[in-house]
Amino acid sequence: MNRLFVVGLGLIGASIAQASRNSRQYTEVVGLDQCLDSAHQAVEMGVVDRYLRSFDDLAREFSKDDVLMVAVPSLAFVDVFRALKPCVAKGGVITDAASVKGAVVEAAQKAWGQLPSRFVPGHPIAGSEKSGVTAVNPLLFANRRVIVTPLANTEPEALSKVLALWQGVGAEVIEMDVVTHDRVLGATSHLPHAIAYSLVDTLANDSANEDIFKYAAGGFKDFTRIASSDPTMWHDIMIANREAVLEAIDLFANNLDRLRAAVDQGDSEAIFSIFTRAREAREQFLQIEQQGSAAKEV
């Protein structure tokens, strides 16, 4: 038997489960969620073949030929990993989908007392502002990047199984070390969410917020869409990746101060330079993205 067990049937976990089930690369996809109603719903929706009721049930079933995916909020990993400790001895592959890899590795060390050679941290660069099993999207990872952060002692065969999992759902997989991952994602993903949440919160507390939201243009809606994401998940990410997030926020705050000073002083040249550099950087990003898509098609 080559089964996939998924712990946590929210948007990411459910999407991994259903996409893997659709790809038929596993003989069975089994779910486990702390909310039994969600687990039951996952079966009814065809997200998983069946679900387990407890970590004890998972420990009894998990074997060396299986893959275990953990898709829970970042701050829940220590408790979940402790519950999964009996599975470590079974020799199967254990991976995850958390946005902060340093915190996950620390949680594994704390819960298991070691970093198993068949433990392969990973992170799909895909998501949605929607959450829960009902937000499942089996195409969520198609043509999207997934970062895996194998550790110094990671077995090649375990890494191969995790690569196969993600490639099987249509993702492009790249490898990166844990520290670099958290620094890069702190700037490109965690900072934009922090800014979006802060902006909406700021405007919501403005005495004239009714008019502000009433007359907000499409740009405001596009920019703040991610502020509709699950607050629990993003609270955990901010805490778990604290240092990288603070570094990114400080960098942004310094640049925003420079823009404020330019506006305050009526420095047209400085304002124009900032906006021009930003536009050029954005266009360069789009070109890189398009080149990547073209390479995949070839």
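## Cores, contacts and helix packing in a predicted model

The largest nonpolar core has 37 residues, and those with the most contacts inside it are Leu4, Ile16, Val47, Met69, Phe141, Leu165 and Trp166. At least two residues of this core come from each of β1 (3-7), α1 (11-23), α2 (36-44), β4 (67-70), β8 (145-148) and α7 (156-168). A second core, separate from that one, has 28 residues, including Val7, Val30, Leu52 and Phe62. Please keep in mind as you read on that this is a predicted model. As general background, nonpolar side chains in soluble globular proteins tend to be buried together.

Ile16 is a good place to start looking around. Which residues is Ile16 in contact with, once its neighbours within four places in sequence are left aside? They are Leu4, Met69, Ala97, Phe141, Leu165 and Trp166. Among these, Leu4, Met69, Phe141, Leu165 and Trp166 are also listed, with Ile16 itself, as residues with the most contacts inside the largest core.

**Three buried residues**

Let us turn to Val148, which is found in strand β8. Val148 counts as buried because its relative accessible area is 0%. Not counting residues up to four places away in sequence, Val148 touches Pro121, Gly122, Leu159, Val162, Leu163, Trp166, Val173, Ile174, Glu175 and Met176. One of those partners, Glu175, has its place in strand β9 (residues 172-175). Seen from the side of Glu175, and leaving aside its neighbours within four places in sequence, the contacts are Val148, Pro150 and Leu159.

Leu84 lies in the loop between α4 (77-83) and α5 (85-88). Is Leu84 buried or exposed? With a relative accessibility of 0%, Leu84 is buried. Its contacts, leaving aside neighbours within four places in sequence, are Phe55, Leu58, Leu68, Val70 and Trp112.

His123 is found in strand β7, and this residue is buried too, with a relative accessible area of 5%. The side chain of His123 makes a polar contact with the side chain of Ser99, at 3.4 Å. Not counting residues up to four places away in sequence, His123 touches Asp96, Ala97, Ala98, Ser99, Lys101, Val146, Ile147, His181 and Leu185.

For a sense of scale, here are some C-alpha separations involving residues already introduced.

| Residue pair | Apart in sequence | C-alpha to C-alpha |
|---|---|---|
| Leu84 and Val70 | 14 residues | 9.8 Å |
| Val148 and Phe119 | 29 residues | 11 Å |
| Glu175 and Lys214 | 39 residues | 45 Å |

**Helices against helices**

Two of the partners of His123, Lys101 and His181, appear again where α6 meets α8. How do the axes of helix α6 (residues 101-112) and helix α8 (residues 178-204) cross? They come within 8 Å and cross at roughly 140°. Angles over 145 degrees would count as roughly antiparallel, and the two helices are therefore oblique to each other. In this contact, Lys101, Gly102 and Val105 of α6 meet Val178, His181 and Asp182 of α8. By class, the residues of the contact divide into two nonpolar, two polar and two charged.

Helix α8 also takes part in the packing of α11. In helix α11 (residues 231-240), the residues Trp234, Asp236, Ile237 and Met238 are buried. The buried residues of α11 pack against α8 and against α12 (242-264). At the N-terminal end of α11 sits a cap: a side-chain oxygen of Asp230 lies 3.2 Å from the backbone nitrogen of Thr232.

**Positive phi in two loops**

Finally, a look at the backbone. Most residues other than glycine have a negative phi, which makes the next two worth a check in your viewer. Arg24 has a positive phi of about 60° although it is not a glycine. Arg24 is found in the loop between α1 and β2 (28-32), and it is exposed, with a relative accessible area of 72%. Asn143 also has a positive phi, near 60°, and is likewise a residue other than glycine. Where is Asn143 found? Its place is the loop between β7 (122-124) and β8. Asn143 counts as exposed because its relative accessible area is 55%, and the cut-off for exposed is over 50%.

Terms used. Residues numbered from 1 in each chain as written. Predicted model: local features only at pLDDT ≥ 70, side-chain atom pairs only at ≥ 80, totals over all residues. Heavy atoms only, no water. Core = buried A, V, L, I, M, F, W, Y, C linked by side-chain atoms within 4.5 Å. Buried < 20%, exposed > 50% of the residue type's maximum accessible area, 1.4 Å probe, protein only. Helix = DSSP H or I, 4+ residues; strand = E, 2+ residues; numbered from the N terminus. Contact = heavy atoms within 4.5 Å. Axes fitted to C-alpha atoms, helices over the stretch in contact; angles between N-to-C directions. Parallel < 35°, antiparallel > 145°, perpendicular 65-115°, else oblique. Nonpolar A, V, L, I, M, F, W, Y, C, P; charged D, E, K, R; others polar. Polar contact = N/O pair within 3.5 Å; in protein donor to acceptor, adjacent residues only side chain to side chain.
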